[in-house]
Amino acid sequence: MSTPDGWRPALVALDIDGTILKWIDGAGTTHEEISPAVHAAVHRALDAGAHVVLASGRSPHGMTDVADLLDLYDEQRERLWIVASNGAVVFRYPPLDVVHEEKFDARPAVEAILERHPSALVAVEERGVGYRVNSHFPEGELSGDMIITDVADLLAAEVSRVIIRDPDATADDFVALAADLGLHGTSYVVGWTAWLDLAPVGVSKASGLAYVARELGLTADDALAVGDGRNDLEMFAWARRGVAMGQAIQVVLDAADDVTGSVYDDGLATELDRWFA
């Protein structure tokens with residue numbers, strides 16, 4: 001979407017992994033450190049009065065440390081708005097206070113997936129602790145503790161999000177699987193590896209950000225969104241300006257209004273400095 005002359009974002013929506021944080025080569029996790037260039041650029045946006053909103057597939061307890069590393073909150077500013085779990089959870093911080101949550105019955109979809117991938121790993125968030133899982137995920141992929149739980153018990157109640165992970169499959173396998181199954185009333189996001197997020201229909205980072213924007217008296221026309229993954233596509237479509245990180249896959253690059261440098265080149269700082277230099 002084009003931006004009018006004189007436009008400057010009042011809401012800056014930022015993905016975390018691959019946008020703020022750099023990926024560790026060969027691993028499904030990121031370095032938990034902020035580059036000085038990104039930290040400084042984010043603070044120029046804050047000092048200009050923009051609302052910086054983290055928007056991630058991470059669960060809430062996996063996002064507060066990043067907010068702290070960025071020093072997003074101080075006593076002169078309002079408590080932060082943060083969009084977690086790919087839009088299924090919106091919370092204020094600090095302290096962590098969930099103000100909006102969407103839940104659904106994931107059991108039919110998960111059972112259908114496990115029929116095709118019986119060795120797949122399944123995780124459901126256990127807020128404030130970590131995740132309940134049917135088996136341990138690869139090291140570093142989930143934040144917090146992993147509590148081994150039978151799949152039937154994992155899905156006995158409605159949930160805000162389910163993660164399916166198969167270390168022996170590829171992302172393309174899961175894209176094809178999700179399309180083939182239709183997922184029976186759920187929406188899905190496939191990560192850069194064989195990682196599938198199931199969420200309620202209509203729930204995405206965009207829906208979570210729309211909730212935040214309404215609370216702030218803003219609209220999508222006021223928003224800049226920056227990300228690098230398939231779970232950022234709806235966010236790009238929603239925001240006035242959607243920007244992909246340079247290392248993103250082609251489907252993400254094609255969906256963006258513009259492309260900045262890669263996360264390894266502090267591309268987020270480059271984009272923010274267009275508006276808040």
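A crossing of two helices is left-handed if the near helix is turned anticlockwise from the far one by less than a right angle, and right-handed if clockwise. Keep that in mind for the two helix views below, and remember throughout that this is a predicted model.

**View 1. Helix α1 packs with helix α9, and their crossing is left-handed.** The pair brings together residues 36-47 (α1) and residues 267-276 (α9), with an angle of about 25° and axes 9 Å apart. Angles under 35 degrees count as roughly parallel, so α1 is roughly parallel to α9. On the α1 side, the contact is made by Ala37, Val38, Ala41, Val42, Arg44 and Ala45. Their partners in α9 are Leu268, Ala269, Leu272, Asp273 and Phe276. Sort these contact residues by type and you get 9 nonpolar and 2 charged, with no polar ones.

**View 2. Helix α3 meets helix α5 in a right-handed crossing.** Here residues 107-116 form α3 and residues 171-181 form α5. The helices pack at about 125°, and their axes are 11 Å apart. That angle makes α3 oblique to α5. Three residues of α3, namely Ala112, Ile113 and Arg116, touch Leu177, Asp180 and Leu181 of α5. The tally for this contact is 4 nonpolar, 2 charged and no polar residues.

**View 3. The second largest pocket holds about 220 Å³ of space.** Its lining counts 13 residues. If you want to find the middle of the pocket, look for Ala50, His51, Val52, Arg77 and Glu78, which lie nearest its centre. Two strands, β2 (51-55) and β3 (80-84), each put at least two residues into the lining. The top contributor is β2, with 3 residues. As for chemistry, the lining splits into 8 nonpolar, 2 polar and 3 charged residues.

**View 4. Two cis peptide bonds follow one another from Tyr93 to Pro94 and from Pro94 to Pro95.** As background, most peptide bonds are trans. The bond from Tyr93 to Pro94 has omega near -10°, and the bond from Pro94 to Pro95 also has omega near -10°. Where do you look for Pro94? It sits in the loop between β4 (89-93) and β5 (97-101). Pro95 is likewise placed in the loop between β4 and β5.

**View 5. Asp71 has a positive phi although it is not a glycine.** Most residues other than glycine have a negative phi. For Asp71 the value is about 55°. To locate Asp71, follow the chain into the loop between α2 (64-69) and β3. Strand β3 may ring a bell from View 3, where it supplies at least two residues of the pocket lining.

Definitions and conventions
Residues are numbered from 1 along each chain as its sequence is written. This is a predicted model: local features need pLDDT of at least 70, side-chain atom pairs count only at pLDDT 80 or more; totals for chains, interfaces and linings use all residues. Side-chain values use heavy atoms; hydrogens and water are left out. Axes are lines fitted to C-alpha atoms, for helices over the stretch in contact, and angles run from 0 to 180 degrees between N-to-C directions. Helices (H or I, at least four residues) and strands (E, at least two) are DSSP runs, numbered from the N terminus. Angles under 35 degrees count as roughly parallel, over 145 as roughly antiparallel, 65 to 115 as roughly perpendicular and the rest as oblique. Contact means heavy atoms within 4.5 Å. Ala, Val, Leu, Ile, Met, Phe, Trp, Tyr, Cys and Pro count as nonpolar, Asp, Glu, Lys and Arg as charged, and the others, Gly among them, as polar. On a 1 Å grid over the protein atoms alone, a cavity is a set of points where a 1.4 Å probe fits but cannot get out, and a pocket is an open set with protein on both sides within 12 Å along at least five of seven lines; lining residues have an atom within 4 Å of a point. Grid points are joined across faces, edges and corners, and a volume is the space filled by probe spheres set on the points.
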